[in-house]
Amino acid sequence: MILPQTRDGRDAAHYPVGVQGFGVDIGGSGIKGCLVDLEKGQLIGERLRIETPQPSLPDPVYDVVGRIVDHFGWAGRIGVTFPGVMKRGVAHTAANVDKSWIGTDLDAGLDARIPGTVETLNDADAAGIAEMRYGAGRDRRGVVLMLTFGTGIGSALFVDGRLVPNTEFGHIQVDGEDGERRASAAAREREELSYPEWARRVDRYLDVLEAGLWPDLIIVGGGVSKKAHKWVPLLSTRTPVVPAELQNDAGIVGAALAAHERTDR
Ligand code: BGC
């Protein structure tokens with residue numbers, strides 16, 4: 001069991017839980033972080049959310065991540081999600097954040113601000129990792145697809161529980177348009193669609209995805225998963241679709257888990 005020390009010298013025994021981690025979820029509108037109980041897959045106490053600086057340039061974003069970590073006095077390893085393709089610490093795409101992120105070494109930037117060890121990964125991959133371990137994908141083998149509906153559509157693909165990273169299925173072409181442009185939660189709000197109207201968009205999007213992938217299970221996450229009863233029953237997919245269980249905390253929990261397991265390796 002790993003019991004990291006917090007910066008103020010308290011050890012993990014201070015908290016009424018076992019193995020702990022720390023996750024930060026960088027999004028286009030908010031940056032959220034919290035201590036995580038890695039045995040239960042739950043946040044420990046209240047998460048801290050700070051508005052994403054606009055424009056969402058790397059340096060101001062690093063500062064916010066640093067403030068969040070300082071707020072909790074955490075000095076152990078941290079996991080940080082990014083809403084774009086992440087390979088060996090470098091961001092390769094930035095669909096919903098400032099384009100200056102493309103080619104930026106997020107690992108190095110964060111390490112300069114928060115000395116220690118940082119694990120960075122795509123936000124949907126982090127959410128998927130958490131759902132597979134603690135939530136709707138627990139003990140599920142076969143091909144499991146996690147989709148997060150928010151500003152964009154994030155995807156995480158698992159084959160017998162192993163992640164295939166950076167799938168980016170939010171950007172498949174659906175009737176000549178970027179999938180997330182038509183079917184994200186932001187599209188529903190932007191175009192003031194009712195849940196039945198938006199469900200038709202999601203249905204068409206899933207149709208195209210299913211034709212190329214044939215998953216065994218689809219887990220739908222993001223804020224709209226709280227209202228799953230309003231739209232999931234309207235879908236006509238051949239694949240079973242279930243709502244995520246960790247909802248908005250999945251990114252933070254998955255980031256903390258990824259960082260922790262990296263320590264173990
Ligand atoms: C990005 C993905 C991200 C998703 C959810 C998409 O626009 O390309 O990398 O996972 O949004 O934030």
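This passage looks at the ligand site of a predicted model, and then at two spots in its backbone.

To start with the ligand, the space it fills is the largest pocket. Twelve names make up the list of its neighbours, and it helps to go through them along the chain: Pro83 and Gly84, then Ala95 and Asn96, followed by Asn122, Asp123 and Ala124, next Ile153 and Gly154, and lastly Glu168, His171 and Glu180. Sorted by class, that shell comes out as 4 nonpolar, 5 polar and 3 charged residues.

Where do these neighbours come from? Both domain 1 (12–125 + 250–264) and domain 2 (139–245) put at least three residues into the shell around the ligand. In terms of secondary structure, helix H3 (123–134) gives at least two shell residues, and strand E9 (153–159) does likewise.

Some neighbours also pair up with oxygen atoms of the ligand. In Glu168, a side-chain N or O atom sits 2.4 Å from a ligand oxygen. His171 brings in a polar side-chain atom, found 2.7 Å from an oxygen atom of the ligand. With Gly84 it is the backbone that takes part: one of its N or O atoms is 3.3 Å from a ligand oxygen. As for how covered the ligand ends up, it would expose 310 Å² if taken alone, and the protein buries 93% of that.

Now for the backbone. Which two residues are joined by a cis peptide bond? They are Gln54 and Pro55, and omega there is about -5 degrees. Pro55 belongs to the loop that runs between strand E3 (42–51) and helix H1 (58–72).

The other spot is Asp139, a residue other than glycine whose phi is positive, near 60 degrees. Asp139 is placed in a loop too, this one between H3 and strand E8 (143–149).

Technical notes: Residues are numbered from 1 along each chain as its sequence is written. This is a predicted model: local features need pLDDT of at least 70, side-chain atom pairs count only at pLDDT 80 or more; totals for chains, interfaces and linings use all residues. Side-chain values use heavy atoms; hydrogens and water are left out. A residue is near a molecule or strand if one of its heavy atoms lies within 4 Å of it. A polar contact is a pair of N or O atoms within 3.5 Å; within protein, one must be able to donate a hydrogen and the other to accept it, and residues adjacent in sequence count only if both atoms are side-chain atoms. Accessible areas come from the Shrake-Rupley method with a 1.4 Å probe; for residues, only the protein chains shown count as cover. On a 1 Å grid over the protein atoms alone, a cavity is a set of points where a 1.4 Å probe fits but cannot get out, and a pocket is an open set with protein on both sides within 12 Å along at least five of seven lines; lining residues have an atom within 4 Å of a point. A molecule sits in a cavity or pocket if more than half of its atoms lie within 2 Å of its grid points. Helices (H or I, at least four residues) and strands (E, at least two) are DSSP runs, numbered from the N terminus. Ala, Val, Leu, Ile, Met, Phe, Trp, Tyr, Cys and Pro count as nonpolar, Asp, Glu, Lys and Arg as charged, and the others, Gly among them, as polar. Domain bounds come from an automatic or database domain assignment.
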